[in-house]
Amino acid sequence: MAQLWGGRFTKETDKLVYQFNASIAFDQRFYKQDIEGSMAHVCMLAKQGILTKEEMQAIVKELTDISREVEEGTLEITEEYEDIHSFVEANLIKRLGDVGKKLHTGRSRNDQVALDMKLYTRLEVLYTDVLLKDLLKVLLRIMEENLDTIMPGFTHLQKAQPITLSHHMGAYFEMFKRDRLRLKDIYARMNYCPLGSGALAGTTYPLDREYTAEILGFYGPTLNSMDSVADRDYLIEFLSALATIMMHLSRFCEEIILWNSNEYQFVEMDDSYSTGSSIMPQKKNPDIAELVRGKTGRVYGALMSLLTTMKGIPLAYNKDMQEDKELAFDAMDTVKHCLALFTGMLDTMKFCKEEMRKSANNGFTNATDAADYLVNHGVPFRDAHGIVGQLVLQCIEQKIALDEMPLSQLQAVCPAFEEDVFEAISMETCVNKRLTVGAPGREAMEQVIALEKEYLSKEWQDEEAKKWK
């Protein structure tokens, strides 16, 4: 058992205790971050004269080789080691002897793991943002192609007013845009380097924490060594953002599942993103949408787990915090997979435009516009509301749409109706006369699409990448 702390102990750790305590099974996934942090640390130690230039170069070379060999599969990370830090350091010492033992000068596993987790999470924030941007590009394409695709808008799952598919997709565009803004905010708050904080109280070595932070692409060092090793706020924030992303995906999936049903027939799923039934040959199931909806609870669970773990931990580091990794890693992987699959499913989906329009027309979604028509002809709104309600009841009895009712029948209920009512309550008029910012009218949507294109042309990651260099 390779341990970094055995000098104080006279007995070997019980095997079950060792296994329970070990984290190598899951923290091995950030071996690159551990090595990256170690390289930055030794470069700083050499700059400060704590290591010689030759010692620094030898350590960096071997760390580079270890990273490459793990990547190539010629060096295996095994459970012989307690954690990824032990693995890296033990292999370095095996290759360099006493020089390798100098790697950990001025450093604790507490600030080391804090750095590794922050580096790993920072990268995951960027990966997730890229996937969100890919989804937004697909949504924007659908919006541009469907400015005139009329469909019903819903409240309470009841048909409410006519909108366009472009407008409906625009609502999700705004949701996922906010998700990206959250990631940007999280990145800005988390991007400070904990390395050099030691176990909790810093170190007596003359470390240059600003230099280490600069090498690793951070804005600067963290300002309190106790908080540095005890902080997992950034991870809680990221899991919260991931949970919100999944909530948005799940809502979208719920609608797609409904739209794919025989009762709606608004969409047809591409064969590559559908499955069949083992017994019912006619079935074409939206399994991807259902799985994304189902996996949302899994991501919620990771967030609640970490919040619960952290709620009673006194300063500074405690072993409980090792529990920040497994479910967090699973949540990160889950969201990335869901975003990629959902984007592919949406990109290949066929929209049944005629069915959408027919549904809007048959659902009396122009009833509000009929009431507005009467208001514009001098009828008080509350009276107009009641009149149109009577007309809808008659339409239901006759199984016709509101704009299919003869003018004579309309006038029998209210003489204020004139021939121009049919133009006023047509689906196109109902949609396109709504021109306020954020409304579904074509002119309003064209303005919004132009703004969304401008938004997608800007890339906050580009500015961050410059700082890394």
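Colleague: Which residues form the negative surface patch?
Modeller: In this predicted model, one member of the patch sits in helix α17, which covers residues 421-424, and that residue has a relative accessible area of 54%, so it counts as exposed. The helical residue in question is Glu423, and the complete negative patch is made of Glu418, Glu419, Asp420 and Glu423.

Colleague: How many salt bridges does the structure hold?
Modeller: Side chains of opposite charge can pair when their charged atoms come close. Among the pairs found here are Asp208 with Lys47, Arg95 with Glu69 and Lys133 with Glu459. For the structure as a whole, the number of salt bridges is 36.

Colleague: How many residues apart along the chain are Asp208 and Lys47?
Modeller: The closest N and O atoms of Asp208 and Lys47 are 2.7 Å apart, and the two form a salt bridge. Asp208 lies in the loop between α7 (165-190) and α8 (209-215), whereas Lys47 belongs to helix α3 (residues 31-47), so that distant parts of the chain are linked across a separation of 161 residues.

Colleague: Is Asp208 buried or exposed?
Modeller: The cut-off for a buried residue is a relative accessible area under 20%. Lys47, its salt-bridge partner, has a relative accessible area of 44% and is therefore partly exposed. Asp208, by contrast, has a relative accessibility of 17%, and so it counts as buried.

Colleague: Which helices hold Arg95 and Glu69?
Modeller: The side chains of Arg95 and Glu69 meet in a salt bridge with an N to O distance of 2.6 Å, and both residues also belong to a network of salt bridges that includes Lys61, Glu62, Asp65, Arg68 and Glu72. Arg95 is partly exposed at 29% relative accessibility, while Glu69 is buried at 17%. The pair ties together parts that are 26 residues apart in sequence, because Arg95 lies in helix α5 and Glu69 in helix α4.

Colleague: Where does Glu459 lie?
Modeller: Glu459 meets Lys133 in a salt bridge, at 2.6 Å from N to O. Lys133 counts as buried at 12% relative accessibility, and Glu459 is buried too, with a relative accessible area of 18%. Lys133 is in helix α6 (residues 109-145), and 326 residues away from it along the chain Glu459 is in the loop between α19 (442-457) and α20 (460-468).

Colleague: Why is helix α10 largely enclosed by the rest of the structure?
Modeller: Helix α10 (residues 233-259) reaches 39 Å from its first C-alpha to its last, close to the 39 Å expected at 1.5 Å a residue. Its enclosure follows from accessibility, because of the 27 residues of α10 the number that are buried is 19.

Colleague: Which peptide bond is cis, with omega near 5°?
Modeller: Most residues other than glycine have a negative phi, and most peptide bonds are trans. Ala316 is placed in the loop between α11 (287-310) and α12 (326-348). The cis bond is the one from Leu315 to Ala316.

Colleague: What is the phi of Lys399?
Modeller: Phe364, in the loop between α13 (353-362) and α14 (367-376), has a positive phi near 55° and is buried at 17% relative accessible area. Lys399 is placed in the loop between α15 (381-398) and α16 (407-413), and at 77% relative accessibility it counts as exposed. Although Lys399 is not a glycine, its phi is positive, at about 55°.

Conventions
Residues are numbered from 1 along each chain as its sequence is written. This is a predicted model: local features need pLDDT of at least 70, side-chain atom pairs count only at pLDDT 80 or more; totals for chains, interfaces and linings use all residues. Side-chain values use heavy atoms; hydrogens and water are left out. Patches are made of residues with over 30% relative accessible area and no salt bridge: like charges are joined within 9 Å, nonpolar side chains (Val, Leu, Ile, Met, Phe, Trp, Tyr) within 5 Å. Accessible areas come from the Shrake-Rupley method with a 1.4 Å probe; for residues, only the protein chains shown count as cover. A salt bridge is a side-chain nitrogen of Lys or Arg within 4 Å of a carboxyl oxygen of Asp or Glu. Lys and Arg count as positive and Asp and Glu as negative; His and the chain ends are not counted. The place of a charge is taken as NZ of Lys, CZ of Arg, CG of Asp or CD of Glu. Helices (H or I, at least four residues) and strands (E, at least two) are DSSP runs, numbered from the N terminus. Buried means under 20% relative accessible area, exposed over 50%, partly exposed in between (1.4 Å probe, protein chains only). The expected span of a helix is 1.5 Å times one less than its number of residues.
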